[in-house]
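I am opening a notebook on this structure, and I will set down what I looked up, entry by entry.

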Amino acid sequence: MTVFVDIGALADIPAQGARLVKTAQGCIAVFRTADDRVFALDDRCPHKGGPLSEGIVHGTSVTCPLHNWVFDMNTGAAQGADDGAVRTYDIRVQQGRILIDASLIRANRAA
Amino acid sequence: MKKKLVVIGAGMASGRMLEQIFETAPDAYDVTLFNAEPRGNYNRLMLSPVLSGEKTYDQIVTHDADWYAAHGVDCRFGQSVVRIDRDRRVVHSNQSSAEYDALVIATGSAPFIIPVPGKDLPGVVAYRDLEDTQAMMDTAGKDAVVIGGGLLGLEAAAGMAARGARVTVIHLMGHLMERQLDPAAGYLLQKDLEKRGIKVHCKGATKAILGSDRAEAVLLEDGTVYPADLVCMAVGIRPETRLANDAHLEVERGIVVDDAMRTSDPHVFALGECVEHRGQLFGLVAPLYDQAKVLAKTLLDQVAEFSPVQTATKLKVTGCDLFSAGDFADGDGREDIVFRDPGRGIYKRLVLQDNRIIGVVMYGDTADGSWFYGLLKDGTDIEAMRETLIFGPAFQGGASLDPMAAVAALPPEAEICGCNGVSKGSIMDAVAGGACTLDQMRACTKASASCGTCTGLVQQVMAFALGGEVVDAPAGMCKCTDHTHEDVRRLIRAMGLKSIPAVMQELGWKSVGGCHSCRPALNYYLLAEYPLEYSDDRQSRFVNERNHANIQKDGTYSVVPRMWGGVTTPAELRAIADAAEKYDVPMVKVTGGQRIDLLGVRKEDLPHMWSDLNAAGLVSGHAYSKGLRTVKTCVGKEFCRVGTQDSTGLGIKLEKLMWGSWTPHKLKLGVSGCPRNCAEATCKDIGIVCVDSGYNISIGGAAGMEVKETEHLAATPSEDEAIQIVLAVTQLYREHGKYLDRIWKWMAKVGLDWIKSQVVDDLDNRAALVARFEISQSVYRRDPWADLSTPAETPKWAPLADLTLEAAE
């Protein structure tokens with residue numbers, strides 16, 4: 001069973017925007033869509049390492065700010081002609097708080 | 001002997017439960033009914049019609065005194081229950097006590113009151129009971145503010161507006177009723193409310209309610225103040241669980257009940273808005289009535305289980321027709337079927353998953369709502385009827401959708417060609433008179449004969465008039481729409497569209513939320529068109545403009561403070577040096593625009609660095625913007641032995657007037673003090689070369705992937721006139737340039753002669769352009785660094801959470 005940890009309030013992320021969460025494995029971008037759904041993806045475009053958290057969020061997609069690769073936040077897969085994917089993480093909103101898969105902390109202890 | 005039943009709360013759920021009990025087994029219980037309100041059960045859903053004057057209180061009473069007497073109910077109205085003694089099975093109110101064999105808690109919900117200063121002032125009400133309603137009925141001719149743009153808040157607003165109040169709705173989120181509606185439907189709703197005189201302020205956070213003896217005004221975080229004789233807080237409700245808590249019953253968000261509506265005490269039951277069943281709370285009436293049925297059976301020792309079903313929402317505001325049910329968020333494996341009829345203000349969206357409807361949002365035409373809702377509840381497989389599903393049950397094949405709905409919806413007087421003042425009606429008339437080609441149209445009406453940017457739209461109107469004959473239209477601005485940039489801009493103007501959702505709705509966008517290429521363009525077109533009304537959408541901006549710094553390939557940023565006309569002081573240089581050291585800036589570089597670039601700044605350091613630079617009087621250089629960058633100057637006649645005019649002074653004046661302005665693409669200026677042109681003015685977007693006789697202004701230069709020399713626009717002996725011409729041509733470019741076209745590209749499309757006719761020859765037009773530029777600058781001539789480095793904004797630049805720290809513990 002996945003255990004979740006609280007990383008902040010939904011209101012801390014602007015709609016159609018993102019904030020970063022630092023983990024021992026690197027930064028994770030936490031996105032909020034226009035209709036208040038949240039997604040967590042590695043903050044690193046597989047193309048040239050662009051910070052996805054700074055991309056324009058549209059629908060459930062985000063466009064990398066460096067070279068306009070577009071990723072489906074549901075799956076982490078690059079869309080269109082581009083080939084690649086970023087890792088996604090379990091995340092959810094409960095009573096206005098954002099909870100993320102706690103194994104992100106544990107993975108560091110093992111490392 | 002009859003058993004004793006005590007009920008706390010005479011609301012709709014407990015009322016329905018009592019009806020069921022008396023119907024099935026009239027002699028099973030002696031009932032004692034406590035109610036804090038000094039009256040019995042009435043239909044709270046009908047408070048909105050009472051408020052708007054469509055009904056009276058007497059008409060909404062469900063149970064009158066006769067009904068209670070006929071069923072032998074011991075009514076203790078106006079008595080608040082203060083304590084439940086579970087050991088002795090006694091309920092104590094502030095006036096009396098009652099023993100029970102079975103107790104039903106039906107305390108409902110309490111309004112959520114935002115903890116802001118002034119929340120306790122007289123004149124601040126919730127919208128829960130008849131007292132609140134009565135206070136709101138007395139607002140005719142007064143100012144009222146409703147905080148909360150959800151179902152309840154909007155009904156309150158519409159009701160007070162119907163009573164003749166001046167109503168403003170303040171809503172925290174980006175669009176109204178965001179829990180029930182998506183942005184497109186929220187926009188249509190807002191438009192309808194505004195039509196009936198209700199002002200809507202979205203993205204508004206309440207800071208305080210002002211007033212000495214009673215509420216007088218509401219102050220928002222952004223500094224806006226709305227006068228308010230009455231403030232209605234309708235931001236939400238929470239289950240009223242205090243009694244249950246004090247009695248040590250199991251309470252989570254609500255009072256926890258099992259499928260038989262029993263609490264953690266076998267003699268105590270609960271129903272209505274105060275309960276939590278399998279983690280879920282309830283606010284709509286349908287599931288509450290289901291609970292009432294189940295609890296009635298439980299109390300009569302029959303087996304019954306409560307299982308909630310999907311419920312649908314309708315807004316009870318006369319004339320606003322909306323319907324929403326199910327789950328309509330985007331998601332994995334979900335698909336949308338969207339229908340938009342902009343002309344009639346209709347929007348329908350079905351959300352599908354595995355060939356089943358899981359969500360419905362409808363606005364404007366909700367006639368098919370219950371049919372869709374039936375398919376949703378039943379989980380009907382819709383694959384076979386998918387093609388025609390959105391058209392509803394009556395649809396039996398027919399014509400395909402009209403791709404030119406937006407054009408068709410324009411009124412005859414809508415202006416299509418701005419240069420020549422040609423309306424849609426004139427074009428239609430010309431077509432009727434035999435003008436069937438673009439050349440003929442230009443010959444007889446001049447439509448699209450000047451700048452030419454409206455060509456696509458003229459063609460569409462012609463096609464519409466000719467009966468939908470195919471016309472080769474230029475490619476759309478992106479994959480989200482077939483309209484060109486030029487057409488979108490013209491339609492924004494002609495149809496008065498003032499937000500991104502409005503444009504997407506009215507022009508039939510094919511995607512939800514647009515894409516990275518149309519969103520920044522729309523944001524620009526809107527702020528250029530409606531500088532005072534439209535507020536810039538940061539989330540529709542490319543990273544550099546959103547963060548007011550240039551992102552580098554490693555994710556750090558570069559910071560470039562403005563140096564007016566390239567002039568600086570020892571104090572500014574010291575502040576820049578201090579900032580570079582304090583924030584470990586790896587590289588300090590002089591730019592080509594005569595200022596200093598601090599490269600390699602971490603995002604979380606940006607607001608701190610800006611704040612330090614602000615303290616020394618330095619502001620953003622906008623080195624990242626599709627807007628005014630720099631005005632490069634040479635030293636001019638003040639120092640230079642060959643200088644003819646004060647080129648530095650003119651550059652500073654221009655930069656002070658133009659800084660902060662947004663343009664279709666970046667805008668670089670240069671002012672050289674003599675034809676030797678040390679400021680390289682003739683490869684800028686706008687260049688001024690000073691001569692003995694005055695100022696030569698030229699435009700359309702470039703020194704990037706394309707290298708272009710500017711072309712002569714005007715010469716003038718007067719510095720003032722030179723400034724006016726520069727501002728006017730900038731505004732003309734702002735109003736007509738396609739997003740991401742530099743001046744040289746725009747000039748190639750519209751022609752230098754046309755630009756000259758607008759800003760050099762036509763003095764009235766020049767003055768009007770300058771005036772419009774100044775209106776826009778009254779909003780944008782301010783430092784974004786100062787706005788984004790306040791104590792409230794600074795934390796937003798840092799990571800949301802740092803899980804590496806937790807791991808180290």
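Which residues touch the most other members of the largest nonpolar core? I found that V231(B) and C232(B) do so, in a core of 104 residues. I take a nonpolar core to be a set of buried Ala, Val, Leu, Ile, Met, Phe, Trp, Tyr and Cys residues joined through C-beta atoms within 7 Å, and a residue to be buried if 20 or more other C-beta atoms lie within 10 Å of its own, exposed if 12 or fewer, and partly exposed in between, with C-beta atoms placed from the backbone.

I note that this is a predicted model, in which local features need pLDDT of at least 70 and side-chain atom pairs count only at pLDDT 80 or more, while totals for chains, interfaces and linings use all residues. Residues are numbered from 1 along each chain as its sequence is written, and chains are lettered from A and ligands numbered from 1 in the order in which they are written.

Leaving aside residues up to four places away in sequence, I listed the contacts (C-beta atoms within 7 Å) of C232(B), which are V125(B), Y127(B), M136(B), A144(B), V146(B) and A156(B). I also found a second, separate core of 48 residues, with I21(B), V81(B), L249(B) and F282(B) among them.

Next I looked up S48(B), which lies in helix α2 (residues 47–52) of chain B, helices being DSSP runs of H or I with at least four residues, numbered from the N terminus. S48(B) counts as buried because it has 24 C-beta neighbours inside 10 Å. The C-alpha atoms of S48(B) and A157(B) are separated by 9.6 Å, although these residues are 109 residues apart along the chain.

Terms used:
Two residues are in contact if their C-beta atoms, placed from the backbone, lie within 7 Å. Helices (H or I, at least four residues) and strands (E, at least two) are DSSP runs, numbered from the N terminus.
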